[in-house]
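Colleague: Please take me through the helix packing and strand pairing in this model, and tell me how far to trust it.

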Amino acid sequence: MSDTEFHRIKRLPPYVFAEVNAMKARARAAAEDIIDLGMGNPDQPTPPHIVAKMIEAVQNPKTHRYSQSRGIPGLRKAISAYYKRRFDVDIDPETEAIVTIGSKEGLANLAQAITSPGDVILVPNPSYPIHPFGFMLAGAALRHIPVNNGLDDFVPALERAIKHSVPKPTALIVSFPANPTGQTVTLDFYRPIVDLCLKHGIYILSDIAYAEIYFDGNPPPSVLQIPEARDITVEFNSLSKTYNMPGWRVGFGVGSKKLVGALAKFKSYVDYGAFTPIQVAATAALNGPQDCVLEIREMYKQRRDVLIKGLHQAGWMVPSPNASMFVWAEIPEPFRHLSSLEFAKVLMQEAKVAVSPGIGFGEYGDTHVRFGLVENTQRIRQATNNIKLFLDKARKINAPITSEPAAVE
């Protein structure tokens, strides 16, 4: 028997990142120095005051019991306070906030809670994989809104998708700052989207996991800043990037009482919530000093600047993102005949740099690769130097290059 007999698993496409990861593992096993800018996995430690609170809480035996699937009251109050000071949005911690085991779990479980087989879900493409796949696993049909050439056509594309979808779409996913593209929006971007979704009875699921990783002095907005969005929207966030807490697996959702209630009911059947000391530490993160957030933001800005400068010096004219911990780079000449997976393999083979192939984020991402700002500036400089040598060599040869090894005569 194989997993291809299970219909939900069968719907998932091949995990393209696995090929890059296997190649990276083989290279490192052969003692090659691979600079890994692939997975968006923060490399810095969690701030000490958050760790100290975790240690304090875990030493209390009472915290070792089952937690609450909805989240402890103190953390839900801290989430509400964050929304008030950051977005000036009032959130009821009892009915409009829920703690999740990372934003990924919240999105996937909400998809299970609100989706019937055959429902149509509108999702940007390229996008973070759980956005489409969470709903795909729930039995939904996906309708993609292309975003790789910018967002000017987003609302017209949305209107067309709604008009031509049968049945009418159930939900729209938005996620800005975006992973993988780094695209950002203003509050005005959301207004016609909210109007459209209200008109057609479509829920909005917003993911703002990178809302605090911005570099242009303009904090990214929340769609919940539009009062009319409140009844149809749930917005997810995560402490993973904001506070260097990826492995802690703690995030939250806020917004519509109906959607938060549906997620809470579903979670009550499938989990007991995150370990209580983790939730206590997350409360300390949100309520405590925010200097660490400024430092983390500045660190990513420095890394972004070093990467962009180095790629430009290599002749790879990649745009500089205003937010997120990623750089979205169109495959350079003379490699545009390659798929993003093939190019990622070539880059690892020839420049010893690992990146994420754009195809992993949707078919419209296949012209790009994604760099993660997950190494220090010295390693990033080394990566761009390697890339420059590789691209200079390729331009001199001016011949098609593939990831296949050369034939031995």
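The questions and answers below go through confidence, helices and strands in turn.

Colleague: What is the mean pLDDT of the chain?
Modeller: This is a predicted model, in which local features need pLDDT of at least 70, side-chain atom pairs count only at pLDDT 80 or more, and totals for chains, interfaces and linings use all residues. Residues are numbered from 1 along each chain as its sequence is written, and side-chain values use heavy atoms, with hydrogens and water left out. pLDDT is the predictor's confidence in each residue, from 0 to 100. In this chain 96% of residues reach 70 or more, and the mean is 92.

Colleague: Over which residues is the pLDDT below 50?
Modeller: Where pLDDT is low, the predicted coordinates should not be read in detail. The stretch in question has 0 contacts (heavy atoms within 4.5 Å) beyond near neighbours in sequence. It covers residues 405–409.

Colleague: Are helices α5 and α9 roughly parallel or roughly perpendicular to each other?
Modeller: Helices (H or I, at least four residues) and strands (E, at least two) are DSSP runs, numbered from the N terminus. Axes are lines fitted to C-alpha atoms, for helices over the stretch in contact, and angles run from 0 to 180 degrees between N-to-C directions. The axes of α5 (residues 102–114) and α9 (residues 257–270) come within 9 Å and cross at roughly 100°. Angles under 35 degrees count as roughly parallel, over 145 as roughly antiparallel, 65 to 115 as roughly perpendicular and the rest as oblique, so α5 and α9 are roughly perpendicular.

Colleague: How are α7 and α8 arranged?
Modeller: Helix α7 (residues 154–163) packs on helix α8 (residues 187–200) with axes 10 Å apart and an angle of about 10°. Therefore α7 is roughly parallel to α8.

Colleague: Which residues of α8 meet α7?
Modeller: From α7, the residues in the contact are F154, V155, L158, E159 and I162. Their partners in α8 are F189, P192, I193, L196 and H200.

Colleague: Which residue in β4 stands opposite V123?
Modeller: Two strands pair if DSSP finds at least two bridges between them. Strand β3 (residues 120–125) runs parallel to strand β4 (residues 141–146), with 6 bridges joining them. Opposite V123 in β4 stands H144.

Colleague: Which strands are the edge strands of the open sheet β9-β12-β11?
Modeller: The pairing in this sheet of 3 strands is antiparallel, and 5 bridges join β9 to β12 (residues 368–372). Each edge strand pairs on one side only. They are β9 (326–330) and β11 (356–357).
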